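Q: Hey, can you walk me through this one? I'm new to reading structures.

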Protein chains: 2
Amino acid sequence: MARKVSADLEIPLHLAISEQLREQIFLGDYAPGDQLPSEHQLMATFQVSRITVRRAIANLISQGLLTSHQGKGVFVKPQRKVIRSLSNPLVFFDENMASQGVTSGIRSLSFEELVPSAEVCTTLDLSLDTPRIYCQKKIILTDDIPVAVDITYIPFELGAAFADQLQSSLIYPTLDQNGVSIERVETILECTHATHEMSQYLETSLGAPLLVNRYVAYTTGARPVICGETLSRADRLSYSIVLTK
Amino acid sequence: MARKVSADLEIPLHLAISEQLREQIFLGDYAPGDQLPSEHQLMATFQVSRITVRRAIANLISQGLLTSHQGKGVFVKPQRKVIRSLSNPLVFFDENMASQGVTSGIRSLSFEELVPSAEVCTTLDLSLDTPRIYCQKKIILTDDIPVAVDITYIPFELGAAFADQLQSSLIYPTLDQNGVSIERVETILECTHATHEMSQYLETSLGAPLLVNRYVAYTTGARPVICGETLSRADRLSYSIVLTK
DNA sequence: TTGCTGAACATGTCATAACAGGTGCTGCCC
DNA sequence: GGGCAGCACCTGTTATGACATGTTCAGCAA
């Protein structure tokens with residue numbers, strides 16, 4: 001049953017194998033959730049060493065197609081995404097998720113007072129003689145699965161006033177309910193990679209791509225209220241936007 | 001000079017080493033563009049085998065901090081990004097880049113007539129008896145460096161009319177100059193990984209994160225005109241959005 | 001001075017081998 | 001029948017070694 005991999009002498013073996021496996025996954029030979037043959041079986045199938053099989057699998061893991069679990073095996077990753085709307089008008093995250101039939105929740109990691117960085121000071125327009133700010137770090141869950149880590153910087157007065165409420169609910173609704181109207185949010189979307197720390201929080205692999213949403217929220221009078229960033233698992237969340245002329 | 005890596009017996013050696021190297025990069029021991037010590041030097045420094053050094057470096061490459069070049073060495077990756085505005089009103093890509101002092105250009109990969117997929121048919125509202133469409137594939141450059149690959153599906157009549165113009169300039173301006181007004185664009189932003197093919201086009205490594213912008217553009221009367229997707233290097237491009245109440 | 005060649009050195013690929021540690025099942029013991 | 005021990009099998013980590021291939025530069029020849 002040994003099958004030689006097509007000898008594209010141009011490209012390395014591990015790439016030829018991972019591309020062939022990708023093709024098989026694409027064609028449905030292995031469905032989402034299916035287990036792939038074990039490393040030893042693949043070694044026999046492709047007539048290569050374990051290091052080459054592992055490299056091929058690593059390629060596909062780094063491309064988000066596979067996951068591996070020690071002691072169990074390698075599996076085709078099922079893809080289930082939620083969409084976060086960034087279109088006008090601003091929709092709160094939980095409403096946004098609810099409309100997709102997904103429950104949302106948070107797990108607070110920390111809520112502490114600290115001295116803000118110069119960057120945070122300037123974006124929040126803080127006077128330098130009162131360099132105090134609250135920093136909240138939390139995990140955002142959808143269907144009880146972690147999708148994002150959020151770090152928010154909240155001016156001292158606001159943080160102190162709504163401390164307990166912020167521990168269990170999201171920022172925008174909390175502010176909204178307390179009469180702080182969010183008029184405008186500027187966000188920048190980009191991409192980074194999970195550090196070891198983030199991979200722990202988000203139950204993902206080291207180096208997995210994360211979408212970064214850096215935001216500054218303004219209330220009436222173009223006054224900045226809060227800023228922060230949300231790092232979300234790119235395999236679990238995407239953003240939708242509508243542009244008009 | 002041999003320095004034992006801190007024996008966090010909890011985590012694997014390669015991770016301990018890559019985290020230590022990350023720290024050194026962060027602290028500025030190695031500046032952007034700098035060359036890291038060679039694998040052999042790192043083997044001696046950390047007292048580990050080459051496979052472990054390579055794994056540690058691979059971690060950081062997958063996190064976008066380093067790049068390697070065969071025969072030359074491993075280097076700290078300089079980070080230079082352009083920002084694409086997705087805020088209202090719609091701004092054309094080239095104007096958007098120009099405002100950042102960056103030149104933009106395209107390299108056409110293909111421009112061909114083909115039978116559209118069912119998905120493209122439904123999003124473009126095509127009647128099924130005329131399943132013809134143009135597909136343009138191009139590389140988008142900023143400062144003559146590839147940042148994105150764009151695949152656009154253009155209805156047959158439009159494609160035929162502006163074929164030559166589309167070869168050398170971007171879609172939206174071309175349509176705009178020919179009286180097709182873009183009133184509304186719906187986009188979804190998400191993240192994938194570079195396949196081998198994409199990594200060739202974008203001169204990036206296999207599995208590098210790509211931002212995907214799936215868009216549908218509508219003209220007057222909510223009539224869809226074109227759709228497609230732009231896959232951009234996440235290390236070269238980020239998106240900015242402004243939300244209002 | 002120009003141009004080529006080869007040595008030294010860099011990373012890339014691949015093989016073999018050993019052990020660690022997680023998972024799940026079988027079968028024995030109580 | 002319930003629970004536990006042990007085994008088979010899986011991926012994870014790490015070492016050693018060999019050869020391939022790209023880069024650079026010194027040194028030689030034209």
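A: Sure, one term to begin with: two strands pair if DSSP finds at least two bridges between them. Helices (H or I, at least four residues) and strands (E, at least two) are DSSP runs, numbered from the N terminus. This is a predicted model, where local features need pLDDT of at least 70, side-chain atom pairs count only at pLDDT 80 or more, and totals for chains, interfaces and linings use all residues. Residues are numbered from 1 along each chain as its sequence is written, while chains are lettered from A and ligands numbered from 1 in the order in which they are written.

Q: OK, so how many bridges join β10 of chain A to β7(B)?

A: There are 6, and the two strands run antiparallel. One of the partnerships links A:S240 with B:I188 in β7(B).

Q: And how many residues does each chain put into the contact?

A: Chain A gives 36 residues and chain B gives 36 residues, with contact meaning C-beta atoms, placed from the backbone, within 7 Å. On the chain B side, β7(B) has the largest share, 9 residues.

Q: Switching topic: which residues are closest to DNA strand D?

A: A:E39, B:L13, B:S49, B:T52 and B:G71. In total 19 residues surround that strand; a residue is near if its C-beta atom, placed from the backbone, lies within 6 Å.

Q: Which element supplies the largest share of that surface?

A: α3(B), with 3 residues. Elements supplying at least two residues each include α2 (39–46) of chain A and α1 (13–27) of chain B.

Terms used:
Two residues are in contact if their C-beta atoms, placed from the backbone, lie within 7 Å.
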